[in-house]
Amino acid sequence: MTTHPPDTFIDFLERPMRIADKLARKQTFSFEIFPPKGDLPLETAKRAAGEMAADAPDWISVTYSAGGSGNSANTVPIAAAIERDLGVTALAHLTCLGSSKADVDAFVSSLEASGVENVLALRGDRAPGREAVDFTHASDLIEHLRETAPGLSIGAACYPEGHVESPSDEADFAALYKKQEAGADYLVSQLFFDNEDFYRFRESCARHRVKLPIVAGIMPFTSVKQIQRMAFTCGASIPAKVVKRLVLAGDDPAVQAQAGIEYACEQLRDLAANGVDGLHVYSMNKPAIAHAAHAALVDCGYLEA
């Protein structure tokens, strides 16, 4: 059972804390937010993080986009504010495709100067004009970070149903093993809608000598269009029970979103009952999703109220 929040003076002194250390001592619970796009104020993301912090997550991750749809310039200030103003550990995403070693070093230096010591090392999505410069794979980035920033706690991504670009399961697990050997401390999974896919993946990791803690990532679906987009871009399969939920929800967007949150909470409770290393909620800057996930995990005993 996870206990939240740590209220002792010693625990207070430990914050911010390396996520690898958190995972070594207990099961974890965390959220993700993304930097604002376009005219969305930076304060909006900070306010969302502040509301999520009320649920005492073990960390809040902040996404990063190198030339993509997000705003990587805001990743550091948001992560720094989470650490400094909210007293919550921040996990900064870092993608490497299209970046030079100098770009990465500058980003890491700004993180370290802000007191952020946790990074999720990712290759990043392919896009027109974004070609490999110094890094071709996430494992290349992890190796570089381990050599140049030994104080960082480094997470990496994993894919319960396989990476969409992977030619085979064996290639997928070979890539995971390479991330482990390059110096990753733990794995955070891509979203999935059938927990059995995660359980099979966890067993396969053990057979392929991947021994890192695996945090299960859950994203509630909020609409038919969103789940169709996720299925295409992430390679996540849509089980029949999800389709039935959407059919029953009808055309009302609010009812569709509530059905997605309820289904995600069912996933979280089941994962908690099956001894996962941690649970990570892709909360999409929506505190209501974070609060619902927290309530579900309190209800099943994974978290304390």
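About 40 Å³ of space lies in the second largest cavity of this predicted model. A search of the whole structure finds 3 cavities of 30 Å³ or more. The lining of the second largest cavity is made up of Tyr159, Pro160, Glu161, Gly162, Gln190, Leu191, Cys234, Gly235 and Ala236. Divided by class, this lining has 5 nonpolar, 3 polar and 1 charged residues.

**Helix α9 and its end**

Cys234, one of the residues lining the second largest cavity, belongs to helix α9, which covers residues 224-234. Buried residues of this helix are Gln226, Ile227, Met230 and Cys234. Viewed down the axis of α9, the buried residues fall within an arc of 95°, so they line one face of the helix. They pack against α10, residues 240-249. On the other side of α9, Lys225, Gln228 and Phe232 are exposed. Gly235, just after α9, has a positive phi of about 75°. Gly235 is also among the residues that line the second largest cavity.

**The second largest pocket**

The second largest pocket has a volume of about 200 Å³. It is lined by 13 residues, and those closest to its centre are Pro160, Asp169, Phe173, Phe201 and Ser204. Two elements, α7 (169-182) and α8 (195-207), give two or more residues to the lining of this pocket. The largest share, 5 residues, comes from α8. By class, the pocket lining divides into 4 nonpolar, 3 polar and 6 charged residues. Pro160 is named in the lining of the second largest cavity and among the residues closest to the centre of the second largest pocket.

**The nonpolar core**

In soluble globular proteins, nonpolar side chains tend to be buried together. The largest nonpolar core of this model has 93 residues. Within this core, the residues with the most contacts are Ile82, Leu94, Leu145, Phe193, Phe221, Leu271 and Leu279. Helix α11, residues 253-273, supplies the largest share of the core, 8 residues. What does Leu271 touch, leaving aside its neighbours within four places in sequence? Leu271 is in contact with Phe192, Asn195, Phe198, Tyr199, Ala216, Ile218, Val276 and Leu279. One of these contacts, Leu279, is itself listed with the residues that have the most contacts inside the core.

**Individual residues in loops and in α6**

The table gives the relative accessible area for a few single residues.

| Residue | Relative accessible area | State |
|---|---|---|
| Ala73 | 58% | exposed |
| Ser139 | 6% | buried |
| Ala56 | 15% | buried |
| Met284 | 16% | buried |
| Met17 | 11% | buried |

Most residues other than glycine have a negative phi. Ala56 has a positive phi, near 50°, and is placed in the loop between α3 (42-53) and β2. Ala56 is buried because its relative accessible area, 15%, falls under the 20% cut-off. Met284 also has a positive phi, of about 55°, although it is not a glycine. Met284 lies in the loop between β8 (278-282) and α12 (287-299). At 16% relative accessible area, Met284 is buried.

Met17 is found in the loop between α1 (9-14) and α2 (19-25). Not counting residues up to four places away in sequence, Met17 touches Lys22, Arg25, Thr89, Glu117 and Asn118. The C-alpha atoms of Met17 and Trp59 are separated by 9.1 Å, with their positions 42 residues apart along the chain. Met17 counts as buried, at 11% relative accessibility.

Ala73 has its place in the loop between β2 (59-62) and α4 (75-86). Is Ala73 buried or exposed? Ala73 is exposed, because its relative accessible area of 58% is over the 50% cut-off. The C-alpha atoms of Ala73 and Phe107 are 9.4 Å apart, and the two residues are 34 residues apart along the chain.

Ser139 lies in helix α6, residues 138-148. With a relative accessible area of 6%, Ser139 is buried. Leaving aside neighbours within four places in sequence, the contacts of Ser139 are Lys178, Lys179 and Ala182. Helix α7, which spans 169-182, is one of the elements that give two or more residues to the lining of the second largest pocket.

Note on methods: Residues numbered from 1 in each chain as written. Predicted model: local features only at pLDDT ≥ 70, side-chain atom pairs only at ≥ 80, totals over all residues. Heavy atoms only, no water. 1 Å grid on protein atoms, 1.4 Å probe; cavity = no way out; pocket = protein on both sides within 12 Å on 5 of 7 lines; lining within 4 Å. Points joined across faces, edges and corners; volume = space filled by probe spheres on them. Helix = DSSP H or I, 4+ residues; strand = E, 2+ residues; numbered from the N terminus. Nonpolar A, V, L, I, M, F, W, Y, C, P; charged D, E, K, R; others polar. Buried < 20%, exposed > 50% of the residue type's maximum accessible area, 1.4 Å probe, protein only. Arc of directions from axis to C-beta. Contact = heavy atoms within 4.5 Å. Core = buried A, V, L, I, M, F, W, Y, C linked by side-chain atoms within 4.5 Å.
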